[in-house]
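Me: I've got a model open and want to talk through some of its side chains and helices. Can you take my questions one at a time?

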Amino acid sequence: SNVVEVWVEHLGSPVYELVDQALWGIGNVVGDGQRCRDFCLQAGALQGIFQVLAGPLVQQHVAISRNGVWAMANFCRVKHLPQEFVGPIVQGAVHFVMSPDAETSLDAMWALSYLSEEEDHSDGPRHILRGDALPAVMTSIDSILQGNDMCRVPLLRTLGSLSSGSFATLAVAKVPGVLQFLQAAIVNPDNFFSDKDRREAMWAVSNLAADSGKDGE
């Protein structure tokens, strides 16, 4: 426990090496389960990561954005993230998914994917659909995929999870670019998408169609 507290202190350091090691350490601990994740939350680790990602070291060292976004995403991998942290993570993920660094962009997209799987215990899907989070991603999807085509995997998973939720799933279909992206994954004219991608896309479309039928639209 003392180690985590020391890492949290190091997040406020101007020394790149200390911050980088702290991000790496916290990210590993957080991934060990809900108890470890919640301890890190209580120690202020996530707030410290937010401050690092908003600070100058991100512009100076690509490892800071990589490890910072990776650690942030690990907070989402464990279910039942307290709701007060969901909104800031969604905002951070949307920002960093536009990163020119492929690893940073991919981990940011995975953060959205993990949050999209939450239903009763988190407000993740609502935060992603509310405001401009999903529209911002879809508007920039071509440039995102050019930077790292592996982003298509968590994006398809995100769309499928959102469309299978218990609330207003048709909001997903109304976001410009979503249906075109799913259609491209299914038709796959350029062999860009894998068979697994195609199944994910068909799952999402099936969810959307089922919800549409229930609403009589």
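Me: Which backbone nitrogen does the side chain of Asn188 reach?
Reply: Keep in mind that this is a predicted model. Asn188 is in the loop between helix H14 (178-187) and helix H15 (195-215). From there, its side chain gets to within 3.3 Å of a backbone nitrogen, the one of Asn191.

Me: And which backbone oxygen does the side chain of Asn188 reach?
Reply: Leaving aside neighbours within four places in sequence, Asn188 is in contact with Gln183 and Phe193. The polar contact is at 2.6 Å, and the backbone oxygen belongs to Phe193.

Me: Is Asn188 buried or exposed?
Reply: The cut-off for buried is under 20% relative accessible area. Asn188 has 15% relative accessibility, so Asn188 counts as buried.

Me: What kind of aromatic pair do Trp110 and Tyr114 form?
Reply: Both residues lie in helix H8 (residues 102-116), four residues apart, which is about one turn of the helix. Their ring centres are 5.7 Å apart, with 25° between the planes. Planes under 30 degrees apart count as stacked, so the pair of Trp110 and Tyr114 is stacked.

Me: Which of Trp110 and Tyr114 is buried?
Reply: The line is drawn at 20% relative accessible area. Trp110 has 23%, so Trp110 is partly exposed. At 18%, the buried one is Tyr114.

Me: How do the planes of Phe192 and Phe193 make that pair stacked, tilted or edge-to-face?
Reply: The two ring centres are 5.0 Å apart, and the planes are at 85°. Angles over 60 degrees count as edge-to-face. So the pair of Phe192 and Phe193 is edge-to-face.

Me: Which residue joins Phe192 and Phe193 in one aromatic cluster?
Reply: Phe192 is partly exposed at 33% relative accessible area, whereas Phe193 counts as buried at 9%. The cluster they belong to also takes in Phe181.

Me: Which residue has its charged end over the ring of Phe192?
Reply: The charged end sits 5.6 Å from the centre of the Phe192 ring. The residue that supplies it is among the buried residues of H12. It is Arg152.

Me: How many residues of H12 are buried?
Reply: Helix H12 (residues 152-163) has twelve residues and reaches 16 Å from its first C-alpha to its last, close to the 16 Å expected. The buried ones include Pro154, Leu155 and Leu162. H12 is mostly covered, and the buried count is ten.

Me: What covers the buried residues of H2?
Reply: Helix H2 (residues 16-30) has 15 residues and reaches 21 Å from its first C-alpha to its last. Among its buried residues are Val19, Leu23, Ile26 and Gly27. The cover includes helix H1 (2-10), helix H3 (34-42), H4, helix H5 (57-60) and helix H6 (62-77).

Me: Which residues does Gly27 touch, not counting residues up to four places away in sequence?
Reply: Gly27 is found in helix H2. Its relative accessible area is 1%, so Gly27 is buried. The residues Gly27 touches are Trp70, Ala71 and Asn74.

Me: Last one: which element has the lowest mean pLDDT?
Reply: The protein averages a pLDDT of 89, and 91% of the residues score at least 70. Helix H4 (residues 45-53) has the highest mean, 97. The lowest, at 78, is helix H9 (residues 124-129).

Technical notes. Residues numbered from 1 in each chain as written. Predicted model: local features only at pLDDT ≥ 70, side-chain atom pairs only at ≥ 80, totals over all residues. Heavy atoms only, no water. Phe/Tyr/Trp six-rings, centres within 6.5 Å; stacked < 30°, edge-to-face > 60°. Helix = DSSP H or I, 4+ residues; strand = E, 2+ residues; numbered from the N terminus. Buried < 20%, exposed > 50% of the residue type's maximum accessible area, 1.4 Å probe, protein only. Lys NZ or Arg CZ within 6 Å of the ring centre and 35° of its normal. Polar contact = N/O pair within 3.5 Å; in protein donor to acceptor, adjacent residues only side chain to side chain. Contact = heavy atoms within 4.5 Å. Expected span 1.5 Å × (residues − 1). pLDDT = per-residue confidence, 0-100.
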